[in-house]
Amino acid sequence: MRLRGFAAAAFAPSIVLVWSCATEPPPEVVAAIDPSIPTIDASWSPSPAAPSPVDAAAPPSPPPREEPHDERDERDEPDAAPASAPPLRAAAGELFLTEVMYDPLGPEPASEWFEVYNAADTPRSLAGLTLHDGADRTHTIAGEPVVAPGAYAVLARDRDAAIADGVPADAIVYVYGAEAKDGQGILLANGATGAIAIADGATEIARVEYGALGFAAASGRSAQATGDDAGTWCSADPTPGYAANTTSCL
């Protein structure tokens, strides 16, 4: 029957092809993916992170300050003050013998001394000068004894003995017989040969022959120049470190 045949054909089983999206993409799609493009982490957010409280509170650092450039050349700076020059050695016309204690009250010769005066307007050194007594015994001044301008200074045979005999300690600038025995070194004789001189090599700077002036035993009185130029002498009470006391002259 035709009707029966139509029904059989209408209800016959058929094959249907269905493509699922869960299957692998076609080869041409896989090849189109660039492997150099980084993958995106699922935790990434397009919104920027809020700054931390510390970063928000910190002000921006100021740019480094530039010091002003000094264009002056260092050679334009003033030189340092030069060191002061050492005192000049005393010369003739600058240094004078002004007093001689040749017959002290203390033990002799330890208590003997003599005085000089610096007439220069600047300090004068005695270093290297030579002392000569009346018997031509000599002693070369060592160290760096200096006499201030316009000052009287004492050269003593023995410091302690001179101080004990009344010489101010600050008036003594040099000791000329500290290691000499009693009969050696510079001796200030009490007789006619009594003399003392100061020389710079062969040049005599100052000299007084007090024995030839009539000064003999004086029992504690000294021979003193009554002027700074040692022109006139007298026997008077000692004035070590000071000008002569002419009111006590004999």
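Two strands are taken to pair if DSSP finds at least two bridges between them. On that basis this predicted model contains an open sheet of six strands, arranged in the order 9-8-3-2-12-13 and mixed in its pairing. The structure also holds six salt bridges, and the points below take up the sheet and then several of these charged pairs.

**The six-strand sheet**

- The edges of the sheet are formed by strand 9 (172-175) and strand 13, each of which pairs on one side only.
- Averaged over the sheet, and with direction ignored, neighbouring strands are turned by 30° against each other.
- Within the order given above, strand 2 (residues 95-101) and strand 3 (residues 113-118) run antiparallel and are joined by six bridges.
- Glutamate 99 has glutamate 115, in strand 3, as its bridge partner.

**The pair aspartate 200 and arginine 89**

- Aspartate 200 and arginine 89 form a salt bridge in which the closest N and O atoms are 2.9 Å apart.
- Because aspartate 200 belongs to strand 10 (residues 196-200) and arginine 89 to strand 1 (residues 88-89), this pair ties together parts of the structure that are 111 residues apart in sequence.
- Aspartate 200 counts as partly exposed at 29% relative accessibility, and arginine 89, at 42%, counts as partly exposed as well.

**The pair arginine 137 and aspartate 133**

- A salt bridge links arginine 137 to aspartate 133, with the closest N and O atoms 2.7 Å apart.
- Aspartate 133 has a relative accessibility of 2% and therefore counts as buried, the cut-off for that class being under 20%, whereas arginine 137 is partly exposed with a relative accessible area of 30%.

**The pair arginine 221 and aspartate 237**

- The side chains of arginine 221 and aspartate 237 meet in a salt bridge, at 3.0 Å from N to O.
- Arginine 221 sits in the loop between strand 11 (203-208) and strand 12 (222-225), while aspartate 237 sits in the segment after strand 13 (233-236), so that the salt bridge ties together parts that are 16 residues apart in sequence.
- With a relative accessible area of 17%, arginine 221 is buried, whereas aspartate 237, with 37%, is partly exposed.

**A shared network**

- Glu204, Arg207 and Glu209 are joined into one network by salt bridges that share partners.

Methods
Residues are numbered from 1 along each chain as its sequence is written. This is a predicted model: local features need pLDDT of at least 70, side-chain atom pairs count only at pLDDT 80 or more; totals for chains, interfaces and linings use all residues. Side-chain values use heavy atoms; hydrogens and water are left out. A salt bridge is a side-chain nitrogen of Lys or Arg within 4 Å of a carboxyl oxygen of Asp or Glu. Helices (H or I, at least four residues) and strands (E, at least two) are DSSP runs, numbered from the N terminus. Buried means under 20% relative accessible area, exposed over 50%, partly exposed in between (1.4 Å probe, protein chains only). Axes are lines fitted to C-alpha atoms, for helices over the stretch in contact, and angles run from 0 to 180 degrees between N-to-C directions.
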